[in-house]
Structures are given as structure tokens and as C-alpha cells.
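Good morning, colleagues. Please have the sequence and the structure open in front of you while I speak.

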Amino acid sequence: MNNIIHKYLNYIIIISLSIFSFIITIYYGFIGVNPFDNFASYHTAFENLNGKVPFRDYWETHGPFLDFIQLIFFKIFGLSWLSYTLHAGIINFLIAIIFYYTLRNFGLDRLYSFFYSLSLSAISNTQAGTPYYDHHAIILSLIGLLLTFLAIKNHNKLLIFFIPSIFLCAFLIKQTPSAYLAFLIGIIIFYDFIATKKCSNIIYIVFGSLFSLTIFFITIKSLNIRFEDFYYQYIKF
């Protein structure tokens with residue numbers, strides 16, 4: 001009987017957390033607009049919707065990955081402010097659920113985990129209410145960090161393999177703090193290697209890095225983006 005109660009309580013918590021993290025972001029997304037910040041990704045995603053390609057057709061001042069995600073939302077839900085805030089709401093939902101699952105996996109009490117995850121969702125993406133480069137880069141990097149902890153604790157090689165892809169996506173949203181946290185992940189993986197004397201995580205993260213870089217170069221090649229343009233605009237500038 002207790003197991004059934006705990007099971008349904010867990011479902012109730014996850015559903016409540018999902019609804020709250022999603023709705024609160026959309027709510028704040030419709031309160032006020034900062035023309036420069038709130039419209040940055042909207043404008044570039046609209047350019048992509050019209051067939052323009054970053055780095056090649058226009059100077060990319062921020063990472064293109066966020067714009068490509070927003071492009072998908074525009075294609076599915078139409079060109080509207082609601083589809084713009086839906087994007088932000090889903091990202092807020094993801095960090096809340098992953099944070100809750102991580103806390104539970106490390107043995108924290110269910111209600112404490114719910115409270116902390118609820119608090120995180122209330123302050124993470126609600127500050128902008130819309131997709132924004134700083135917020136998304138931090139959130140995606142935090143997701144990568146949490147998944148690293150889970151992968152090491154649970155010996156999940158598949159997660160280790162895909163962690164470099166997560167950080168590459170975060171880096172392609174904004175260079176900082178993604179690059180710093182990616183460096184931190186490297187230290188954590190290396191420390192785990194020293195502590196456990198197992199090299200499997202090192203191997204998986206190396207192959208995962210090669211995989212993510214291969215996909216990156218195939219993508220820019222297929223979009224006819226010169227690497228020199230990418231390097232000059234996104235790295236050097």
C-alpha cells in the first residue's frame with residue numbers, strides 16, 4: 001500500500017513540477033519586452049525561416065543553435081509570440097525535471113527535491129520569459145553537469161558519450177559559461193579516472209567528442225558555411 005502511495009505521489013510531484021515550470025515561464029514571457037534582449041533570437045530565427053543562414057548570409061553575433069531550435073518551433077507552431085515563449089517554457093521544464101531526478105537519484109527526500117526543483121524553475125528561465133542566449137547556455141551547461149554526475153554515479157556509458165554533444169550545443173548558444181563548465185567536466189572525468197582506475201569513461205568521452213565535432217563539421221559543410229567565417233565571427237571576434 002505504501003509503495004502505491006509513493007508511486008502516485010511521485011507522479012503527482014512530476015506533473016505538478018512540469019506544469020508549474022512550463023506555465024510560469026510563459027506567464028513572465030508575456031509581461032514586458034526588452035527590445036534588444038527579447039527579440040534577439042526571434043529576429044535571427046525569422047531570418048532562418050526566410051532561408052538565410054548564419055555566418056554565411058549575415059553576421060552572427062550570438063550562437064546559432066538557439067536560433068535553429070526556435071526555427072523548429074516557428075515551423076511547427078507558427079510565427080507568433082506564443083511559439084516563442086513555448087520554447088522557453090520547455091527548456092525551463094527540462095532543467096526542473098532533470099534537477100529533480102538528479103536530487104532523487106542522490107538520495108534526497110522527495111519533498112525536498114520537489115521544493116528545490118520548484119525553486120529552480122521559478123528563477124531560471126522566468127527572468128527573460130523568452131529564449132535568451134545567456135539563460136539557455138547556462139541551463140544547457142547545467143543539464144550537462146547534472147547528467148555527468150548521474151552518468152558517473154550510475155556507470156551510464158551512453159550518457160558519458162553524449163555529454164560532449166550537450167556542451168557543444170551549449171557552446172553554440174553562447175561561448176561562456178559553456179566552455180568553462182566543459183573544462184570542469186573534463187576535470188571531473190579525469191578525477192574519476194584517477195580514483196577508479198577505469199579508463200572507460202575517458203574512452204567514451206573522447207569518442208563522444210569526436211562524434212559531436214563530426215556532426216558539427218558535416219552541418220556547416222551542408223549549409224555552405226566556411227569554417228573561416230565561423231571562426232572569425234564566433235571565436236576570434
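I shall go through the overall fold, then the aromatic pairs, the salt bridges and one surface patch. Please bear in mind throughout that this is a predicted model.

Let me begin with the overall architecture. The protein contains 11 helices and 0 strands. Read from the N terminus, the order of elements is therefore α-α-α-α-α-α-α-α-α-α-α. The radius of gyration is 19 Å, close to the 18 Å that the globule rule gives for 237 residues, so the protein is as compact as a globular protein of that length. Along the principal axes, the C-alpha trace spans about 60 × 50 × 25 Å.

How much of the protein is buried? Of the 237 residues, 43% are buried. As for the surface, the protein exposes about 13000 Å², and carbon and sulfur atoms supply 72% of that area. The contacts also deserve a remark. Among contacts with a separation of 6 or more, 72% join residues that are 24 or more positions apart.

I turn now to the aromatic residues. In general, a pair of aromatic rings is described by the distance of the centres and the angle of the planes. For this protein the count comes to 25 aromatic pairs. One of them is formed by Phe-39 and Trp-81, with 5.2 Å from centre to centre and 50° between the planes, and this pair is tilted. Where do the two partners lie? Phe-39 is in the loop between α2 (35-38) and α3 (40-49), while Trp-81 belongs to helix α5 (residues 81-105), so the pair ties together parts that are 42 residues apart in sequence. The two partners can also be described by their accessibility. Phe-39 counts as partly exposed, at 33% relative accessibility. Trp-81, with a relative accessible area of 17%, is buried, because buried means under 20%.

A second pair to look at is Phe-217 with Phe-227. Their ring centres are 5.6 Å apart and their planes stand at 40°, so this pair too is described as tilted. Phe-217 sits in helix α10 (residues 200-222) and Phe-227 in helix α11 (residues 227-236), 10 residues apart. Phe-217 is partly exposed, with a relative accessible area of 40%, and Phe-227 is partly exposed as well, at 37%. Both residues also belong to a cluster linked by ring pairs, which consists of Phe-55, Phe-171, Phe-216, Phe-217, Phe-227, Phe-230 and Tyr-234.

Another aromatic residue, Phe-65, is found in helix α4 (residues 65-77). Which residues does Phe-65 touch, leaving aside those up to four places away in sequence? They are Cys-169, Leu-172 and Ile-173. With 26% relative accessibility, Phe-65 counts as partly exposed. Its C-alpha atom is separated by 17 Å from that of Ser-83, and these two residues are 18 positions apart along the chain.

Next come the charged side chains. In general, side chains of opposite charge can pair when their charged atoms come close. How many salt bridges does a search of the whole structure find? The search finds 4 salt bridges, and I shall describe some of them.

Asp-134 and Lys-174 meet through their side chains in a salt bridge, at 2.5 Å from N to O. Asp-134 lies in helix α7 (residues 133-154) and Lys-174 in the loop between α8 (157-171) and α9 (178-196), so the pair ties together parts that are 40 residues apart in sequence. Asp-134 counts as partly exposed, at 26% relative accessibility.

Lys-52 forms a salt bridge with Glu-47, and the closest N and O atoms are 3.6 Å apart. Within this pair, Lys-52 is partly exposed, with a relative accessible area of 39%, whereas Glu-47 counts as buried at 15%. There is also a salt bridge between the side chains of Arg-226 and Asp-229, at 3.0 Å from N to O.

Finally, please look at the surface near the start of the chain. Tyr-8, Tyr-11, Ile-15, Ile-19 and Ile-23 make a nonpolar surface patch of about 550 Å². Is Tyr-8 buried or exposed? Tyr-8 is exposed, with a relative accessible area of 53%, and its place is in helix α1 (residues 2-29).

That concludes my presentation, and I thank you for your attention.

Terms used
Residues numbered from 1 in each chain as written. Predicted model: local features only at pLDDT ≥ 70, side-chain atom pairs only at ≥ 80, totals over all residues. Heavy atoms only, no water. Patch = residues over 30% accessible without salt bridge, like charges linked within 9 Å, V, L, I, M, F, W, Y side chains within 5 Å. Areas by Shrake-Rupley, 256 points an atom, 1.4 Å probe, with all protein chains shown as cover. Helix = DSSP H or I, 4+ residues; strand = E, 2+ residues; numbered from the N terminus. Buried < 20%, exposed > 50% of the residue type's maximum accessible area, 1.4 Å probe, protein only. Rg over C-alpha atoms; globule rule 2.2 N^0.38 Å. Contact = heavy atoms within 4.5 Å. Phe/Tyr/Trp six-rings, centres within 6.5 Å; stacked < 30°, edge-to-face > 60°.
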